Amino acid sequence: MRIRCNRCGKTATIQSSTQISDEFKQLYCCCTNPQCGHTFVMDLAFSHTLSPSAVDIPPEALERIRGASRGELREMFQVLQGGMQGAG
Ligand SMILES: [Zn+2]
């Protein structure tokens with residue numbers, strides 16, 4: 001990941017980091033420009049999910065999906081689509 005110094009605009013390197021939580025990390029940065037020498041902290045935060053993680057699917061649901069026939073999967077998908085249309 002490329003970090004830019006906010007004082008001089010040159011590249012800064014990440015010297016160390018602290019994981020504050022699963023979704024938040026602080027990066028300790030040092031500017032590579034010797035005429036600047038700015039050291040600073042950048043925050044790195046989780047924003048939002050684009051595609052859900054497989055670990056968020058309950059194990060019993062995964063079991064059902066794995067054991068389902070093609071027709072059953074189509075039925076489940078239609079139920080999900082119906083739920084989404086109902087919410088809109
Ligand atoms: Zn700098």
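**Group meeting: a two-domain chain**

Hi everyone, let's start with the order of elements: reading from the N terminus, the chain runs β-β-β-β-α-α. That gives four strands and two helices in total. One thing to keep in mind as we go is that this is a predicted model.

So how is the chain divided? There are two domains, with domain 1 covering residues 3-45 and domain 2 covering residues 54-87. Taken over C-alpha atoms, the centres of domain 1 and domain 2 sit 43 Å apart.

Now have a look at the overall dimensions. The C-alpha trace spans about 65 × 30 × 20 Å along its principal axes. What radius of gyration does the chain have, and what would a compact globule of 88 residues have? The chain comes in at 23 Å, whereas the globule would be near 12 Å.

Burial and contacts are next. Just 3% of the 88 residues count as buried. As for contacts with a separation of 6 or more, 21% of them join residues that are 24 or more positions apart.

Finally, a word on confidence, for those of you who like to zoom in. The average pLDDT over the chain is 88, and 93% of the residues score at least 70. Where is confidence highest, and where is it lowest? Strand S3, residues 24-31, is at the top with a mean of 98, while helix H2, residues 70-87, is at the bottom with a mean of 75. As a general reminder, predicted coordinates should not be read in detail where pLDDT is low.

Thanks for listening, and I'm happy to take questions!

How values were computed. Residues are numbered from 1 along each chain as its sequence is written. This is a predicted model: local features need pLDDT of at least 70, side-chain atom pairs count only at pLDDT 80 or more; totals for chains, interfaces and linings use all residues. The radius of gyration is taken over C-alpha atoms; the globule rule is 2.2 Å times the number of residues to the power 0.38. A residue is buried if 20 or more other C-beta atoms lie within 10 Å of its own, exposed if 12 or fewer, and partly exposed in between; C-beta atoms are placed from the backbone. Two residues are in contact if their C-beta atoms, placed from the backbone, lie within 7 Å. Domain bounds come from an automatic or database domain assignment. pLDDT is the predictor's confidence in each residue, from 0 to 100.
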